[in-house]
Amino acid sequence: MKFEPRATDHSVNVTARHPLADATVLVLGLGAVLLLVTIVLAFFADALVARISIKTEMRWFGGMSLPAVVEELEDASSTEEQALSDLLARLTQHWESDYSFRLRISEDAAPNALAFPGGLIVVTRGLLDGVESENELAFVLAHELGHFRNRDHLRGLGRGAAIALVIGTVTSGGSGGFGFGVADIALRGFGREQETDADVFALGLVYAEYGHVGESWRFFERIRSAYGSGNAVLNYLETHPLPGSRIDELREMARERGWPTEGTLVPWNPRDPGSDTPQD
Amino acid sequence: MDGFFLLINIGVPLSILVIAYLTGTILERRHFSDIRDREARMQRFPTTTFETIPDDWEVADCELLAESVVVSLDYFKRVIAGLRAIVGGRITTYEPLLDRARREAVLRVTEKAKAEGFDAVINLRLETSRMANSETGQGIGGIEILAFGTALLRTQR
Amino acid sequence: MQLDIAADIILSNTETVPGKKITEFYGVVTGNTVRAKHVGRDIMAGLKNIVGGELKGYTELLQDSRREATERMVEQAIAMGANAVVNVRFATSSITQGASELFAYGTAVRVI
């Protein structure tokens with residue numbers, strides 16, 4: 001037996017495919033599938049939410065304690081909160097529902113209002129300190145009521161669960177933090193349409209209460225001037241549509257329906273002991 | 001604020017991916033060219049998987065040699081492999097890694113045999129085993145390739 | 001599994017090819033492939049796992065992969081000018097979760 005040295009062809013054991021080509025196909029393909037699955041799941045979550053009656057929601061979440069995201073609540077019995085509750089009560093006269101709303105003020109400096117399952121509305125200190133008229137505040141509250149009417153707060157839960165399910169399945173395959181980043185953006189995309197719907201509802205409610213929609217978009221105007229025109233990319237990623245485009249949409253809405261955009265404004269100063277909240 | 005979190009959640013993993021891909025590719029290319037050079041030098045060294053010594057050989061000495069190499073995929077390729085594991089099929093990114101690890105392990109055995117003055121290696125065997133940090137197989141996914149065989153010294157005639 | 005992939009190559013896991021004599025040997029030849037099972041197969045196997053028995057999906061996958069590894073090894077042997085590969089060994093190892101490497105190796109020889 002003789003040894004006859006021969007060169008070995010090692011190329012057969014490595015498939016000639018560029019890793020980047022592989023990566024592109026996989027990322028695009030899986031991305032498309034995931035998007036589809038998420039959309040289908042979210043659709044089912046939506047359908048499911050529509051079947052939960054408000055009465056059931058109140059029974060499940062009515063006694064819900066405050067979510068962990070809301071911290072540092074102010075004293076619940078302040079005159080300001082009383083005035084807010086009054087305002088809310090007047091607005092809900094125009095929209096009958098099985099909800100019994102609860103209002104809380106959070107000690108957060110960023111102007112914001114949040115809707116939680118079980119009829120809980122949280123308004124931030126930053127919002128209350130910034131408002132210049134009751135009309136402006138009424139629109140923000142009405143906007144949150146719009147979320148309740150459209151059941152967006154529950155949809156948020158359903159969609160969140162759907163996305164968490166998909167992400168959970170994916171991350172078991174690797175690449176953890178990256179998936180969460182992507183899901184974050186996907187969730188934001190969902191939010192915009194809901195915001196517009198809530199705006200439509202809110203504008204109608206404000207018109208019913210005051211007979212005009214003046215100062216309704218004052219809140220957005222102030223946000224816009226506070227943040228400036230801002231970074232286009234970051235703005236795109238915000239949950240809510242751009243303040244600018246939102247103002248335009250609201251103006252257009254009011255014009256179409258013939259609702260006056262100017263009228264008598266009601267002042268908002270419940271912290272002054274002398275003033276009383278004017279009643280219609 | 002949101003921008004900052006986005007940067008952390010997407011920007012950081014993405015830049016690690018790019019860095020891992022670039023350095024991983026350079027290191028792999030360098031290793032392959034090194035292996036090719038050494039293999040060309042070792043080509044005339046008889047290496048077989050025969051279990052017994054060929055009949056016509058007279059052997060003066062023998063020694064068991066075992067050499068191993070532990071390798072790991074770069075982050076970029078590991079991510080692709082992770083995605084591939086969802087849909088199934090051929091994981092091409094692992095092939096070059098295992099190929100060069102195995103050739104390296106064999107080279108270590110034959111080079112050592114040659115350095116110690118032996119003439120051939122018979123009954124070469126190769127083993128592969130996974131080293132993982134946890135039972136789930138996550139963590140540092142090191143793979144050990146072990147090559148072992150018997151080095152023979154033939155009597156000069 | 002059909003291991004005789006190329007008609008003109010003899011594979012054997014013994015020292016020699018029975019009835020033939022090795023005249024020359026060329027060196028070690030190897031063949032490998034890394035394959036992952038997919039989620040669908042996983043679900044079926046998960047169900048089957050409850051009752052036990054053969055997981056047909058996995059058997060097929062591994063056999064298919066092993067054939068490919070063998071093919072690659074044979075390709076190397078043919079490129080060397082060999083007409084047989086003796087002392088062939090198979091090694092299967094789990095590389096990551098859900099992925100296995102099938103590896104085949106042997107010595108490329110010429111027999112008459």
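Good morning. I begin with a stretch of chain A, residues 273-280, where pLDDT stays under 50 and the model has 5 contacts beyond four places in sequence. I should say at once that what we have here is a predicted model. A second stretch of chain A, residues 173-186, also keeps a pLDDT under 50, and for this stretch the model has 28 contacts beyond four places in sequence. Where pLDDT is low, the predicted coordinates should not be read in detail.

For chain A overall, the average pLDDT is 75, and 74% of the residues score at least 70. Which helix of chain A has the lowest confidence, and which the highest? The lowest is helix H9, residues 232-237, with a mean of 44, while helix H5, residues 134-149, stands highest at 89.

I turn next to a packing between chains A and B. Helix H1 of chain A, residues 19-51, packs against helix H2 of chain B, residues 75-87; their axes lie 10 Å apart, at an angle of about 45°. Angles that are neither under 35 degrees, nor over 145, nor from 65 to 115 count as oblique, and H1(A) and H2(B) are therefore oblique to each other. Their crossing is left-handed. On the side of H1(A), the residues that meet H2(B) are A:Pro19, A:Asp22, A:Ala23, A:Leu26, A:Val27 and A:Leu30. Facing them from H2(B) are B:Lys77, B:Ile80, B:Leu83, B:Arg84 and B:Ile86. By character, the residues of this contact comprise 8 nonpolar and 3 charged, with no polar ones.

Now to chain C. In what order do its elements follow one another from the N terminus? The order is β-β-α-α-β-β, which gives 2 helices and 4 strands. Of the 112 residues in chain C, 39% are buried. Among the contacts in chain C with a separation of 6 or more, 77% join residues 24 or more positions apart.

Finally, I come to the contact of chain C with chain B. Chain C gives 29 residues to this contact and chain B gives 30. On the side of chain C, at least two residues each come from strand E2 (22-36), helix H1 (39-51), strand E3 (84-96) and strand E4 (99-111). E2(C) provides the largest share, with 9 residues. The side of chain C that touches chain B is made up of 10 nonpolar, 13 polar and 6 charged residues.

Thank you for your attention.

Terms used: Residues are numbered from 1 along each chain as its sequence is written. Chains are lettered from A and ligands numbered from 1 in the order in which they are written. This is a predicted model: local features need pLDDT of at least 70, side-chain atom pairs count only at pLDDT 80 or more; totals for chains, interfaces and linings use all residues. A residue is buried if 20 or more other C-beta atoms lie within 10 Å of its own, exposed if 12 or fewer, and partly exposed in between; C-beta atoms are placed from the backbone. Two residues are in contact if their C-beta atoms, placed from the backbone, lie within 7 Å. pLDDT is the predictor's confidence in each residue, from 0 to 100. Axes are lines fitted to C-alpha atoms, for helices over the stretch in contact, and angles run from 0 to 180 degrees between N-to-C directions. A crossing is left-handed if the near helix is turned anticlockwise from the far one by less than a right angle, and right-handed if clockwise. Ala, Val, Leu, Ile, Met, Phe, Trp, Tyr, Cys and Pro count as nonpolar, Asp, Glu, Lys and Arg as charged, and the others, Gly among them, as polar.
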